[in-house]
Amino acid sequence: MYTLALGGTHKSYGHLNSRKCLNVTSRNRGASRLVPLAQKRPTEEAGVPFKTLIFDLDGTLYPNDNGYVDHIRANAERYLHEKLGIPVEQVGPVRKKALALANQTVRGLRMQGYEFDAQEFTAYMRAGEELFMKPDPEVQDFLASLSQPMWIFTNTGEAPAERALELLGIKQYFQGILGADFMGDICKPQHEAFNKVLHHIDAEAESSVMFEDSLKNLVACQELGMATVFVTSEDPEQGVREIGADAQDVNALAEAVVNKCSLSELKSELPALWL
């Protein structure tokens with residue numbers, strides 16, 4: 001078993017918090033599969049507590065604009081050139097296509113026919129995290145206020161994810177990390193990946209909340225019946241831009257839309273977390 005068990009400023013997207021129109025159609029997807037929010041989540045309105053909280057890591061527990069995401073993408077492109085011999089002018093498009101294909105660079109590269117050592121690639125790509133990862137008291141206070149079991153579910157490897165949590169000063173809040181080693185040949189946003197995690201941590205979708213910065217992943221969560229919190233960013237490759245959604249689409253997908261995992265925002269947007 002590859003589960004890693006653990007011991008005990010963003011720019012504003014205030015316009016995304018409107019709940020005026022929920023059942024909408026995404027510009028790039030034709031007929032919408034989104035379910036009106038009022039119909040899909042009886043849990044909060046019925047006063048049933050959320051029992052399990054699951055967090056993405058990158059762009060969710062630290063801001064995408066702190067420089068680290070750009071850093072790891074540059075490292076990935078350097079690896080593609082130096083280790084795989086892909087011409088410099090092609091590494092950017094190849095990497096972006098990989099992320100678009102699978103929402104995970106390793107799997108997306110393999111879908112394009114590239115063979116390499118996944119752990120070596122991940123270590124190379126994520127090296128230098130200590131230059132960017134710093135504790136954020138607002139995130140720490142939010143996590144400390146919660147009583148539910150909390151888990152990390154990330155498409156990256158468990159070892160670099162654990163290192164990031166240590167640098168962020170929040171490792172102690174999570175029961176464990178479910179990452180690429182645990183997932184094997186599957187990853188978010190595949191339903192199989194979410195179901196594998198829910199089964200492993202003995203959680204029900206209907207009483208679980210997923211905190212994410214990826215709309216592709218939130219679509220999968222919604223389809224499985226999970227509640228969701230969308231953490232916004234201006235990342236050109238993830239978030240709102242990855243599926244061409246607009247503000248109304250986002251509100252149909254998420255119980256809460258926030259700029260940051262902070263106590264002040266979530267107390268306002270999703271008070272049911274503290275029922």
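In this short talk I will go through the overall make-up of this chain, its largest pocket, and a few residues that deserve a second look.

Please keep in mind from the start that what we have here is a predicted model. The protein chain contains 13 helices and seven strands, and of its 275 residues 54% count as buried. Its accessible surface comes to about 11900 Å², and 51% of that surface belongs to carbon and sulfur atoms.

Let me turn to the largest pocket, which has a volume of about 870 Å³. Its lining is made up of 40 residues, and those that lie nearest its centre are Q104, T105, N155, T156 and G157. Two or more lining residues are given by each of the helices α3 (68-82), α4 (88-102), α5 (105-111), α6 (118-126), α8 (158-168) and α9 (180-183). Which element gives the largest share of that lining? That is α6, with six residues. As for chemical character, the lining of the largest pocket divides into twelve nonpolar, 14 polar and 14 charged residues.

I would like to stay with Q104 for a moment, since this residue is among those nearest the centre of the pocket. Q104 sits in the loop between α4 and α5, and is Q104 buried or exposed? With a relative accessible area of 12%, Q104 falls under the 20% cut-off and therefore counts as buried. A polar atom of the Q104 side chain lies 2.9 Å from the backbone oxygen of N155, and N155 is itself one of the residues nearest the pocket centre. If we leave aside neighbours within four places in sequence, Q104 is in contact with A98, L99, N155, A180 and C187.

That same loop between α4 and α5 also holds N103, and here the backbone calls for some attention, as N103 has a positive phi of about 65° although it is not a glycine. Most residues other than glycine have a negative phi, and most peptide bonds are trans. N103 is buried, with a relative accessible area of 7%. A positive phi, about 55°, is also found at D202, which is not a glycine either. D202 is placed in the loop between α10 and β5 (208-212), and because its relative accessibility of 72% is over 50%, D202 counts as exposed.

On the subject of peptide bonds, the one that joins K188 and P189 is cis, with omega at about 10°. P189 belongs to the loop between α9 and α10 (191-200).

Finally, two glutamates. E162 is found in helix α8, and its side chain is joined to that of K171 by a polar contact of 2.8 Å. E162 has a relative accessible area of 19%, so by the 20% cut-off it is still buried. The other glutamate, E130, lies in the loop between α6 and α7 (137-144), and with a relative accessible area of 39% E130 is partly exposed. What does E130 touch, not counting residues up to four places away in sequence? Its partners are R163 and L167. E130 and R163 are 33 residues apart in sequence, yet their C-alpha atoms are 8.8 Å apart in space.

Methods. Residues numbered from 1 in each chain as written. Predicted model: local features only at pLDDT ≥ 70, side-chain atom pairs only at ≥ 80, totals over all residues. Heavy atoms only, no water. 1 Å grid on protein atoms, 1.4 Å probe; cavity = no way out; pocket = protein on both sides within 12 Å on 5 of 7 lines; lining within 4 Å. Points joined across faces, edges and corners; volume = space filled by probe spheres on them. Helix = DSSP H or I, 4+ residues; strand = E, 2+ residues; numbered from the N terminus. Nonpolar A, V, L, I, M, F, W, Y, C, P; charged D, E, K, R; others polar. Buried < 20%, exposed > 50% of the residue type's maximum accessible area, 1.4 Å probe, protein only. Polar contact = N/O pair within 3.5 Å; in protein donor to acceptor, adjacent residues only side chain to side chain. Contact = heavy atoms within 4.5 Å. Areas by Shrake-Rupley, 256 points an atom, 1.4 Å probe, with all protein chains shown as cover.
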